Amino acid sequence: MRIRFTKMQGAGNDFVVLDETRGTLGLTAAQYRFLADRHFGVGADQILTVRPPPKDAAEDIDFQYVIHNADGGEVEQCGNGARCFMRFVKEHKLTDKNEVRVLTLAGVIAPRMGADGRVTVDMGAPIFEAARVPFDTAGLDAQPDGSWEKWHLALGTRAGSAIVSVAVLSMGNPHAVQVVDDVDTAPVTEQGPQIEHHPRFPQRVNAGFMQVVDRTHIRLRVFERGAGETLACGTGACAAVVAGIRLGLLDQRVDVQTHGGILTIEWQGEGQPVLMTGPATTVFEGDIEVPDVPDVPDIAEQP
């Protein structure tokens, strides 16, 4: 099967974007892995698919947004991808609106194109109830911190295994955020996979490592569920800022420095939506032949 694709990036978080507004391609998990593979395919952190709204969607829904991680698994949300989604539908003349309402597995989001070319996305309100993250708290005691709480997670069963203190929430997908002194020396590659696959998170989790520079500025690295460490993670930036605000460390508007660039996150507090503003750039477009049964290893099985 030969398909048309667009390569895009938002703060270094890179995507392959597919237009399925005229019909679905019916790709398998292995074919999504092929597209994401940086040796055999195009190369991307996630595959983003633009679809028309489902027939039973509300009348004000403009599109459906489907996201697959590099391991081929479908996930609920991707913030940097949402900004690229908005630029894609504008550049490909799929809409003449500057703000659209988009259905995701996590609910409805509303990306908006700004006059400066950056895109702001209403990411919805964060979720704190453990069962909805989901996060298994059975047998654990919450550790009060600021106006909120953290949880101690043992990263292993042997004596001397590391114990990390994380703030847990969902931005439509699960996040565990820990505060570190220096993101450059934080054990992201060591602890990231252990946190992602921790049995307390039945749907796995994105592991965030946040360094607070001052009350309006943080540095962040995220080990993303199903993708590994990426140059930026939009929902991870939202989760980190929300956690920092609830822990009493941050103000309501924060610049998040990632390896891929700066994202601006705003949150007015409990029950309010999180707003994320940042860049979205088209890199190139092309066609690629996608094998029926790609011989690409599952990312989870790679060393």
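**Close-up 1. Ring pairs link Phe63, Tyr65 and Phe85 into a cluster.** Welcome to the first view of this predicted model. The three rings shown belong to a wider set, since the structure holds 7 aromatic pairs in total. Tyr65 will turn up again in the next view, where it is listed among the residues with the most contacts inside the largest nonpolar core.

**Close-up 2. The largest nonpolar core has 54 residues.** The residues with the most contacts inside this core are Tyr65, Leu169, Ile218, Val256, Ile265 and Val274. Helix H4, residues 234-246, gives the core its largest share, with 8 residues. Apart from this core lies another one of 19 residues, including Phe135, Ala176, Phe201 and Phe223. As background, nonpolar side chains in soluble globular proteins tend to be buried together.

**Close-up 3. Val274 and the residues it touches.** Which residues does Val274 touch, once those up to four places away in sequence are set aside? The partners from the earlier part of the chain include Val121, Asp122, Met123, Gly124, Pro126 and Met171. Val274 also touches Cys238, Val242, Ile265, Glu266 and Trp267. Of these partners, Ile265 is listed together with Val274 among the residues with the most contacts inside the largest core. Cys238 is buried, with a relative accessible area of 0%, and returns in the next view.

**Close-up 4. Cysteines without a disulfide.** How many disulfides does the model contain? The count comes to 0. Cys233 is in no disulfide, and the nearest cysteine sulfur, that of Cys78, is 6.9 Å away. For Cys238, the closest cysteine sulfur is in Cys233, at 8.6 Å, which is too far for a bond. A disulfide would need the two sulfur atoms within 2.5 Å. Both Cys233 and Cys238 are buried: Cys233 has 3% relative accessibility, and Cys238 has a relative accessible area of 0%.

**Close-up 5. Phe5 and Phe284, an aromatic pair that links distant parts of the chain.** The two ring centres are 5.9 Å apart and the planes meet at 85°, so the pair is edge-to-face. Phe5 sits in strand E1 (residues 2-10) and Phe284 in strand E19 (residues 281-289), with their positions 279 residues apart in sequence. Are the two residues buried or exposed, or something in between? Phe5 counts as buried, at 6% relative accessibility, whereas Phe284 counts as partly exposed, at 36%.

**Close-up 6. Phe128, with Trp148 on one hand and Arg246 on the other.** The rings of Phe128 and Trp148 have centres 5.5 Å apart and planes at 75°, so this pair is edge-to-face. Phe128 belongs to the loop between strand E8 (119-122) and strand E9 (143-145), while Trp148 is in strand E10 (residues 148-154), 20 residues away in sequence. Both are buried, Phe128 at 17% relative accessibility and Trp148 at 10%. The ring of Phe128 also has a charged partner: the charged end of Arg246 sits over it, 4.1 Å from its centre.

**Close-up 7. Arg4 and Glu285, a salt bridge between strands E1 and E19.** Here the side chains meet at 3.5 Å, N to O. Arg4 is in strand E1 and Glu285 in strand E19, 281 residues apart. These are the strands that hold Phe5 and Phe284. Arg4 and Glu285 both count as partly exposed, Arg4 at 48% relative accessibility and Glu285 at 38%. This bridge is one of 24 salt bridges in the structure.

**Close-up 8. Arg38 and Asp14, joined by a salt bridge.** The side chains meet at 2.8 Å, N to O. Arg38 lies in the loop between helix H1 (29-36) and strand E3 (46-51), and Asp14 in strand E2 (residues 13-19), so the pair ties together parts that are 24 residues apart in sequence. Arg38 is partly exposed, with a relative accessible area of 49%, but Asp14 is buried at 10% relative accessibility.

**Close-up 9. Lys150 and Asp145, and a salt-bridge network elsewhere.** Lys150 and Asp145 meet through their side chains in a salt bridge of 3.4 Å, N to O. Lys150 counts as buried, at 14% relative accessibility, and Asp145 as partly exposed, at 26%. As for the network, salt bridges that share partners join Lys7, Asp14, Arg38 and Asp45.

Methods
Residues are numbered from 1 along each chain as its sequence is written. This is a predicted model: local features need pLDDT of at least 70, side-chain atom pairs count only at pLDDT 80 or more; totals for chains, interfaces and linings use all residues. Side-chain values use heavy atoms; hydrogens and water are left out. Buried means under 20% relative accessible area, exposed over 50%, partly exposed in between (1.4 Å probe, protein chains only). A nonpolar core is a set of buried Ala, Val, Leu, Ile, Met, Phe, Trp, Tyr and Cys residues joined through side-chain atoms within 4.5 Å. Helices (H or I, at least four residues) and strands (E, at least two) are DSSP runs, numbered from the N terminus. Contact means heavy atoms within 4.5 Å. Rings of Phe, Tyr and Trp (its six-membered ring) pair if their centres lie within 6.5 Å; planes under 30 degrees apart count as stacked, over 60 as edge-to-face and the rest as tilted. A charge sits over a ring if NZ of Lys or CZ of Arg is within 6 Å of the ring centre and within 35 degrees of the ring normal. A salt bridge is a side-chain nitrogen of Lys or Arg within 4 Å of a carboxyl oxygen of Asp or Glu.
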